[in-house]
Amino acid sequence: MQWHLDKMLEPAVKQLVLWRPDASSEAAGRIVPTLPGVLLIGLSVGIGTAAYNSSNNILFITLSLLLACLILSVVFVAYIIIRVKIQPHLAPKTEFTEYKGWAMFQPFVKYVLPLVSIFAVVVGVMIAGIATPTESAAIGAFTTVLFAMAYRALTLKNLLASLRATVTISGMILFIIIGATTFAQILSFSGVSNGVVQFITGANLSTNAVIVGMLLILIFLGVFVDQVSMMLITLPIFMPIIQQLGVDPVWFGIMFLICMQLGLLLPPHGLLLMTMRGVAPKEVTMMHIFQAVVPYLAFSFAVLALVFFWPPVAT
């Protein structure tokens, strides 16, 4: 999905002459954690800690992540605006077609309004306590069908394509849950989880020191391992420790997601950096991408520190 997104953006970026070596930072936009990751970690939190309800964790992590992502996005946009003001050649002026009247709002109504409305309905019924996350998903699917009918897009071809995509994604998530549950049970029955928890708690380390160590492990793994594998490997071990230490799993879950994304953007082997290089023109080298991503990494580490030292941001 990341490769396809970068490939779709490539023509527009090249047309605006933004493929300059000192401005090849498009990959940094993927530093914001994705909602599928929220779903997986929410379910994994429920698997790793029986004291918490996984459905509530999904809702709480989603809402908490929105604020962290909003802060991160504002910082990114502010940095881009300030840098363009200082170095105008990074974003040269280009001609745009000016629309007036209904033509100005037509793209918003056609492309943006349905997505925003579906998101508002799904999240709104959960926040209002009208439906559980599972029920809200059904409401979201029904709302999507209504919009498809209203926009005259509900055809048999589109419906079958949607059903195939749903089966594919649902099957993938279910297999991930099966793998996570099996791995967690094996660790539990073999005594590995209890052994690790006893070793950590018996080392007389402070809670903050243990959490920092976990976050550093996640950032290191993110350089070499994909997100799903990271979660399957670390969550069955980390979550019992978090439960034993009495740490808020939602707060830790937010930092978990941020660290996973940070690892994907760290040189020299960050997976997203490799993806970016795969769609970039020949004149853009890996060193150019490494240099361009540094400011975004710095801002992301700052937001991670903000969440760590001021938990209300994430809870």
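**Close-up views of a predicted model**

**View 1. Thr234, tucked away in a helix.** Thr234 is buried: its relative accessible area is just 4%, and anything under 20% counts as buried. This is a predicted model, so keep that in mind for every view here. You'll find Thr234 in helix α9, which covers residues 227-245. Which residues does Thr234 touch, once its neighbours within four places in sequence are left aside? They are Leu218, Leu221 and Phe256. Hold on to that last name, Phe256, for the next view.

**View 2. Phe252 and Phe256, an aromatic pair in helix α10.** Phe256, one of the residues in contact with Thr234, has a ring partner of its own in Phe252. The two ring centres are 6.0 Å apart, and the planes make an angle of 65 degrees. Why is this pair called edge-to-face? Planes over 60 degrees apart get that label, so 65 degrees qualifies. Both residues belong to helix α10 (residues 249-264), and because they sit 4 residues apart there, about one helical turn separates them. Are these two rings buried or exposed? Phe252 is buried, with 0% relative accessibility, and Phe256 is buried with a relative accessible area of 0% as well.

**View 3. Tyr79 and Tyr296, a pair that links distant parts of the chain.** By the ring-pair rule, the model holds 9 aromatic pairs. Here, the rings of Tyr79 and Tyr296 have centres 5.5 Å apart and planes at 85 degrees, so this pair is edge-to-face. Where do the partners come from? Tyr79 is in helix α3 (residues 54-86) and Tyr296 is in helix α12 (residues 286-309), so if you walked along the chain from one to the other you'd cover 217 residues. Tyr79 and Tyr296 are both buried. Zoom out a little and you'll see a cluster: ring pairs link Tyr79 and Tyr296 with Phe76 and Phe299.

**View 4. A nonpolar patch on the surface.** Now for the outside. Which residues form the nonpolar patch? Phe142, Val145, Leu146, Met149, Leu154, Leu156, Leu159, Leu160 and Leu163 do, and together they have about 840 Å² of accessible area. Two helices, α5 (133-150) and α6 (156-190), each supply at least two of the patch residues. Take Phe142 as an example, which is in helix α5. Phe142 has a relative accessible area of 55%, and since exposed means over 50%, Phe142 counts as exposed. Compare that with Phe252 in View 2, which is buried at 0%.

Methods: Residues numbered from 1 in each chain as written. Predicted model: local features only at pLDDT ≥ 70, side-chain atom pairs only at ≥ 80, totals over all residues. Heavy atoms only, no water. Phe/Tyr/Trp six-rings, centres within 6.5 Å; stacked < 30°, edge-to-face > 60°. Buried < 20%, exposed > 50% of the residue type's maximum accessible area, 1.4 Å probe, protein only. Contact = heavy atoms within 4.5 Å. Patch = residues over 30% accessible without salt bridge, like charges linked within 9 Å, V, L, I, M, F, W, Y side chains within 5 Å. Areas by Shrake-Rupley, 256 points an atom, 1.4 Å probe, with all protein chains shown as cover. Salt bridge = Lys/Arg side-chain N within 4 Å of Asp/Glu carboxyl O.
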